[in-house]
Amino acid sequence: MYLKRLIILFTLFFLLSASICYAEDIVVEDVDQVFEAMEDADENDTIVFKPGTYNLNIELVDKDLKFRGEDTANTFLISEDDEKPVFSVNEISNVTIQNFTFNDGLNAVQIFESNNARNIKIFNNIFNLEGDSIAIDIIASPSTSIDIENNTFYNNFFDVNLGDDENSGNIIFQHNIVHNTRNSENSLKNLPLGDVSYNCFNEDISGVTGTNNNINKLASYVAAPDDLHLRVDSPCIDNGETEDDFDETFVDLGAYGGPEDDLTPYHVEVDEVKVSSATDIADSSDTSYTVEVSWLENLDYRISGYKVYYTLNGETLKNKNYDDDRINFHNELEAKDATKSVFDILVSEAEKPAAPKLDRLEPRDETLLIYWTKSENAISYTINYSGTNTAADSVDVDDVDNYELTGLSNDETYTVSVTANNQSEIKVQVAAYIEFTNEDDETEVHESSFINDDVNKKLGEIIASDVSNTLTMQPERIIAYPPLPNEGCFIATAAFGYYSAAEVQVLRDFRDDYLLKSAAGMAFVKWYYTYGPYAAAYIQENSILKPLVRTVLYPLIFSVQILYFNMYLFFTFLMVIIGFTVGLTYLIMRRSSRVRVI
Amino acid sequence: MNKNNICSLLFLCLLFPLGINANNASPKWTMEFYAGAFEPEDENWSTYYGSSKMPQVGFSIAYRIFNVLDIGTNISYGRDQGKGDLPLNNLIAGDVVHEMLPVELYLLFRARFTEGQWLVPYVGGGYTRFAYRQEVKGQDTVKGSVDGNHFRAGLQFLLDPLDEKSAQEIYRGFGVINSYLYLEYKQTEAEADKIKIGGTSYNMGLMLEF
């Protein structure tokens with residue numbers, strides 16, 4: 001009998017333990033993973049969101065789940081469908097939503113028909129919503145249990161809206177910061193005021209501030225609205241009801257206080273990385289450099305200091321976590337109020353990269369498109385080119401595999417080659433950290449995320465590869481197929497036979513670059529566009545006129561070409577042409593008058 | 001009776017009215033919306049644009065002069081994306097967008113002898129002002145328009161007998177007396193600098209009579 005009871009008790013204990021043990025964290029990085037995790041998760045599992053922006057609408061109807069952001073300030077939840085809330089909680093219990101920033105959308109959290117909505121916790125979130133939105137909307141709640149604790153409500157239209165049912169059950173609104181509700185009457189609509197305590201309001205709300213330890217003071221943020229951590233002078237520090245593990249006083253108010261607080265500091269902006277001149281090390285191929293990294297101070301009152309992480313010729317530091325990835329990289333510690341770190345590094349000469357393979361050139365109008373295969377170890381490339389009438393030149397480009405070389409002449413053939421370059425490089429990130437001793441007397445360290453791109457600095461000489469193979473190509477205008485005539489330059493097109501003739505293009509360029517930039521020029525173009533087509537049609541029908549018109553146009557085209565070369569030379573040439581024409585006319589008239597006399 | 005006679009007889013049968021008409025009104029105006037494929041006359045088109053056809057959409061409005069003769073105007077738009085010519089380098093490359101916008105004036109003979117005739121063959125044609133535009137990425141846009149002509153023929157199927165109730169509702173709501181689904185063949189001829197830019201269209205559309 002005893003054995004039977006023992007077996008039953010053991011089985012029950014085993015099942016209970018199993019259910020507790022199996023409540024696990026599922027880490028997600030994008031929206032698809034969120035919904036996959038929700039399907040795969042068991043009851044009471046926690047879905048942990050990596051820092052990032054998630055556009056989604058989550059409907060919780062059949063499973064008790066917890067949702068947590070890894071870095072409150074950098075885990076943004078935005079409603080994908082503007083008509084729906086980000087979280088819709090419907091008739092379920094044991095839901096926790098914590099450590100998120102809600103930035104947009106109709107409502108952030110909506111709790112429906114909450115007869116069965118017990119033990120719903122909304123902790124340590126930031127609600128900063130646009131439009132006529134409601135941060136937390138609770139509809140029909142005769143018997144419910146909702147804890148809204150340690151949130152920061154910043155500049156919302158509605159903060160909490162509790163339908164019209166006064167019989168609200170148990171809704172605790174505690175340790176929150178409510179900042180600048182755009183319609184102050186809607187701050188806590190219909191909320192039973194007895195359950196509103198130990199909050200910080202930046203404006204005086206009748207019946208709320210001054211009672212139940214609700215204060216009316218400005219919170220003093222580090223850099224609102226992006227960074228809503230508290231500065232050292234904030235009245236919201238140590239002003240809660242319960243004890244705080246962090247500094248063994250009382251909990252802070254707002255999203256960065258309370259027992260479920262996310263202790264990740266706000267990310268640090270690296271201002272500059274400077275590298276001093278190199279010093280060669282005797283009997284070594286290494287070179288010593290002094291590196292100076294400066295950053296903007298994080299004014300969060302809990303910051304213990306900063307760590308400078310760097311890697312030489314290595315992988316990117318961005319998005320590396322504190323717990324695992326980061327630990328393998330060098331770091332320099334600095335004090336709480338530091339904004340600069342100076343340290344020495346030893347740098348080996350960069351490896352010589354293999355010569356790249358130049359794959360092909362594609363001609364365009366005064367342009368060549370250059371494609372090559374990248375080389376291992378290369379961090380940049382140099383494109384070397386020379387034309388039949390142009391001296392050799394080069395252009396440096398980043399770590400890419402193609403380049404558009406512009407400003408070339410369509411009348412020249414160019415020879416192109418590519419070299420790969422390598423150079424030592426330091427990549428830098430700075431983390432702010434919070435260090436404290438927890439209730440188990442263990443030291444906890446929390447570092448800020450690496451959200452920004454690494455700050456890179458090149459070091460030492462550029463090591464170039466051998467030159468790639470060479471290719472030659474002449475830039476050329478693309479002619480659309482079929483080569484249809486364009487409106488404009490009608491006479492020239494008719495005389496030279498086709499729209500894309502180089503001579504016609506010269507006149508088009510002259511129209512665009514000179515005529516259309518003055519009122520007189522524009523008037524001429526307008527006149528020409530009205531009457532030009534008639535002349536062009538006449539020339540088209542009488543082919544014998546074409547050589548004659550071409551003869552007249554050639555001096556004009558030549559003049560325009562000179563104009564593009566040198567303006568003074570153009571006017572000189574123009575004067576010569578006019579003089580020659582006047583002189584020739586005079587001679588012809590004189591000769592014809594002589595003939596008549598004879 | 002040979003095969004041709006049987007076909008002719010069947011065709012004549014199709015022309016007979018079903019005695020169904022949304023109302024007794026006689027339509028005067030027609031409106032068409034259509035889409036289809038335009039196949040340029042140029043044989044090398046697919047070399048530059050990947051396919052010998054391009055999508056085309058259009059709209060027409062016409063007035064019935066006589067019982068079987070409409071006069072109308074039509075506008076359509078076609079667009080194709082492909083590559084251009086680099087003759088010096090003997091290459092086909094770049095990004096070219098070719099667009100066309102023919103505007104037409106036409107006369108249309110519709111073999112519609114009775115109200116409620118459910119199959120209406122038609123044939124027509126007229127003047128075309130064929131506008132075009134060619135955009136080469138990174139270069140100037142070529143544009144222009146030329147005169148031309150067109151011929152069109154097709155078959156219209158009266159839709160009203162399929163759902164008389166809806167036909168009545170559409171008439172009461174929008175004044176549409178008859179609705180037809182039609183299939184059309186169209187041949188357009190136009191030349192720009194001796195380059196043929198016309199082609200053949202195969203369209204399907206909806207015609208509404210008011």
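Two residues are in contact when they have heavy atoms within 4.5 Å of each other. Keep that in mind for this tour of a predicted model, where local features need pLDDT of at least 70, side-chain atom pairs count only at pLDDT 80 or more, and totals for chains, interfaces and linings use all residues. Residues are numbered from 1 along each chain as its sequence is written, chains are lettered from A and ligands numbered from 1 in the order in which they are written, and side-chain values use heavy atoms, with hydrogens and water left out.

**Stop 1: chain A as a whole**

Select chain A and colour it by secondary structure. You have 7 helices and 39 strands to look at; these are DSSP runs numbered from the N terminus, with helices being H or I over at least four residues and strands being E over at least two. Of its 598 residues, 46% count as buried. Here buried means under 20% relative accessible area, exposed means over 50%, and partly exposed is in between (1.4 Å probe, protein chains only). Among contacts in chain A between residues at least 6 apart in sequence, 65% join residues at least 24 apart.

**Stop 2: N202(A)**

Now pick N202(A), in the loop between strand 21 (200-201) and strand 22 (215-216) of chain A. Which residues does N202(A) contact, leaving aside neighbours within four places in sequence? They are V178(A), H179(A), N180(A), N216(A), K217(A) and L218(A). Zoom in on N180(A): its backbone nitrogen lies 2.7 Å from a polar atom of the N202(A) side chain.

Stay in that loop between strand 21 and strand 22 and click on N212(A). N212(A) is not a glycine, yet its phi is positive, about 50°. At 36% relative accessibility, N212(A) is partly exposed.

For another positive phi, go to N150(A), where the value is near 50°. N150(A) sits in the loop between strand 14 (145-149) and strand 15 (152-154) of chain A, and is buried with a relative accessible area of 2%.

**Stop 3: two cis peptide bonds**

Select A224(A) and P225(A), which are joined by a cis peptide bond with omega about 0°. P225(A) is in the loop between strand 23 (221-223) and strand 24 of chain A. Then jump to Y481(A) and P482(A): the bond between them is also cis, with omega near -10°. Look for P482(A) in the loop between strand 39 and helix 3 (490-496) of chain A.

**Stop 4: charged pairs**

Side chains of opposite charge can pair when their charged atoms come close. The rule for a salt bridge is a side-chain nitrogen of Lys or Arg within 4 Å of a carboxyl oxygen of Asp or Glu, and the count is 28 over all chains.

Show R302(A) and D261(A) as sticks; their closest N and O atoms are 2.7 Å apart. R302(A) is in the loop between strand 27 (287-295) and strand 28 (305-312) of chain A, and D261(A) is in the loop between strand 24 (227-230) and strand 25 (270-275), so this salt bridge ties together parts 41 residues apart in sequence. Are these two buried or exposed? Both R302(A) and D261(A) are buried.

Over in chain B, find K186(B) and E104(B), a salt bridge with closest N and O atoms 3.1 Å apart. K186(B) belongs to strand 7 (residues 178-192) and E104(B) to strand 4 of chain B, 82 residues apart. Each of them, K186(B) and E104(B), is buried. While you're in chain B, select R64(B), D70(B), R110(B), R112(B) and E209(B), which are linked in a network of salt bridges.

**Stop 5: where the chains meet**

Show both chains together. The contact takes 30 residues from chain B and 23 residues from chain A. Between them the chains bury about 2400 Å², 56% of it on carbon and sulfur atoms; buried area is the accessible area (1.4 Å probe) that two parts lose on being put together, summed over both. Highlight Q139(B), D140(B) and D193(B), which supply 21% of the area that chain B buries against chain A, more than any other three residues. How many salt bridges are there between chain B and chain A? The count is 0.

**Last stop: helix 6 of chain A**

Finish on helix 6 (residues 545-565), whose 21 residues should span 30 Å at 1.5 Å a residue; the end C-alpha atoms are 30 Å apart, which agrees. (The expected span is 1.5 Å times one less than the number of residues.) Its buried residues include K546(A), V549(A) and L563(A).

Note on methods:
Polar contact = N/O pair within 3.5 Å; in protein donor to acceptor, adjacent residues only side chain to side chain.
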